[in-house]
Amino acid sequence: MLNILLVTLGCDKNTADSERMLGLINKSGYNLTSDPEEADVAVVNTCCFIESATQESIDKLLELAELKQGRLKYLICTGCMAQRYKDQIESELSEVDAFIGTMSLDSIVEVIDELRSRDDNKKITRYDELDAPYPDRTKIERIVTERPYLEYLKIADGCDKRCTYCSIPYFKGKYKSIPMESVIEEAKVLAASGVKELILVAQETTCYGIDLYGEKRLHILLKYLSDIDGIEWIRLLYAYPEEIYPELIQEMASNPKVLHYIDMPIQHTEDDVLRRMGRRIDNEGIRKVVNDLRLAMPDIVIRTTIITGFPGETAEEHELLLDTLAELRLDHVGVFAYSQEEGTPAAKFDEQIDEDIKNERLEDIMFLQQDVSSEKLGEYIDKELDVIIDGYLPDDDVYVGRSYMDAPDIDGMIFIDSDRELISGEIVRTKVTDSDVYDLEARII
């Protein structure tokens, strides 16, 4: 039987998609392998959000293609890059045997079977309609690839926003909520397998339900998910500020299983830049939603992302951005230098900014945020926090974990001294003893 390797690139939404493909491959009877040298078929679930992600996807495909000189028989490109460049990628990546778009991932086993039975070298492609209803995946048993006690729960795909810098609608299509019954059923299966922390993801979680039910229903979904036995933490990512609404804030504030944490990408704070970006909020609106969240949940942790060096961004707008961030004192800030993405309106804007200036402005923001983060984390010394254990560092003889304040792999960590053995996935009570720029130290109570 063939050995199948699946490599996932890009975001946590891709991770969720890959785990479903692994489930389908496993159910079909094929063997799964993590060793490229042992693979008969290699699948790369690609990313192309920005130019560097596209290049990483191409590099990984070419790297695996070299294994065709040995055991590897077939190479398959799936996901975002396959979809975005479907009109040119077939001829430019001759080493790849099959291409599967973002709405066709469930055909992975069918494509592998077809590759095995083909009698020529003709490439195989699968591109279902981008704006078709989201496929029912409740019967697909996911293969967990990371921590068995946490999972990313995809509740929607696609986007209707059309921000001028973003290519996502071109390869993801319009916003498509996954029916609530399907999301809940998947969450129940995950909980039964031992998952304690659910992390809700989509291109935009806050619009959940509006296309299916005519209204936003994320707050209702949160309530149903919190009723599932075994689920202890629910974390919310990718909540656009202009779509955060009172019922959602109320549910977050009152539901003990919903963490007081939100990933809220604002991208910038100055009105003219936001307008050119095609964002649907202004400086005043950003300040209001931050204030509303903090009034309802004084302990809320807010993560955001900023794009610096957007076309036409002036030195004054950059300084005003710094001033606003200093005032808002958000807990986590990720910064990206603007990437001139092919096919997006902003790529054709005048006043494109030099890369050196972008990087200088990026460093300005990061230095500011380091000071903010250091000050805020220092305020937690001598306070108690629940922490989910992620592992043990034998060289330092400490455990590492996360509190409600930290999403996995993107935020900080807590290093924990403990006289007793701790198990990954266990939630323990700790007291903070020290802090630095991004991380905390604590001891078991």
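**View 1. Helices α1 and α5 are oblique to each other in this predicted model.** An angle that is neither under 35 degrees, nor over 145, nor from 65 to 115 counts as oblique. The axes of α1 (residues 12-28) and α5 (residues 108-117) cross at roughly 55°, so the pair falls in that class. The two axes come within 9 Å. From α1, the contact draws on Met21, Leu24, Ile25 and Ser28. From α5, Ile108, Val109 and Ile112 take part. Six of these contact residues are nonpolar and one is polar; none is charged.

**View 2. Six strands form an open sheet with parallel pairing.** The strand order is β7-β10-β11-β12-β13-β14. From one strand to the next, the twist averages 20°. Strands β7 (150-154) and β14 stand at the edges. Each has a single partner strand, so one side of each lacks a neighbour in the sheet.

**View 3. Strands β13 and β14 run parallel and are joined by six bridges.** Thr304 stands opposite Val333 of β14. β13 spans residues 301-308 and β14 residues 332-337.

**View 4. Helix α9 lies across four strands.** The helix covers residues 218-226. The strands are β7, β10 (197-201), β11 (233-236) and β12 (258-263). Relative to β10, α9 runs at about 160°.

**View 5. Helix α14 packs its buried residues against helices and strands.** α14 covers residues 355-378, 24 residues in total. From its first C-alpha to its last, α14 reaches 34 Å, close to the 34 Å expected at 1.5 Å a residue. Its buried residues include the nonpolar side chains Ile365, Leu368, Val372 and Leu377. Lys358, Arg361 and Lys376, which count as charged, are buried too. Gln369 and Ser373 complete the buried set. These buried residues pack against helices α12 (283-296) and α13 (315-328). They also pack against strands β13, β14, β18 (427-435) and β19.

**View 6. Strand β17 pairs with β16 and with β19.** The pairing of β17 with β16 (residues 398-402) is antiparallel, over three bridges. The pairing of β17 with β19 (residues 440-444) is parallel, over four bridges. Ile416 of β17 stands opposite Tyr399 and opposite Ala442 in β19.

**View 7. Strand β17 has a covered face and an uncovered one.** In a regular strand, side chains alternate between the two faces of the sheet. Ile414 and Ile416 make up the covered face of β17 (residues 414-417). Phe415 and Asp417 make up the uncovered face.

Terms used:
Residues are numbered from 1 along each chain as its sequence is written. This is a predicted model: local features need pLDDT of at least 70, side-chain atom pairs count only at pLDDT 80 or more; totals for chains, interfaces and linings use all residues. Side-chain values use heavy atoms; hydrogens and water are left out. Buried means under 20% relative accessible area, exposed over 50%, partly exposed in between (1.4 Å probe, protein chains only). Helices (H or I, at least four residues) and strands (E, at least two) are DSSP runs, numbered from the N terminus. Two strands pair if DSSP finds at least two bridges between them. Axes are lines fitted to C-alpha atoms, for helices over the stretch in contact, and angles run from 0 to 180 degrees between N-to-C directions. Contact means heavy atoms within 4.5 Å. The expected span of a helix is 1.5 Å times one less than its number of residues.
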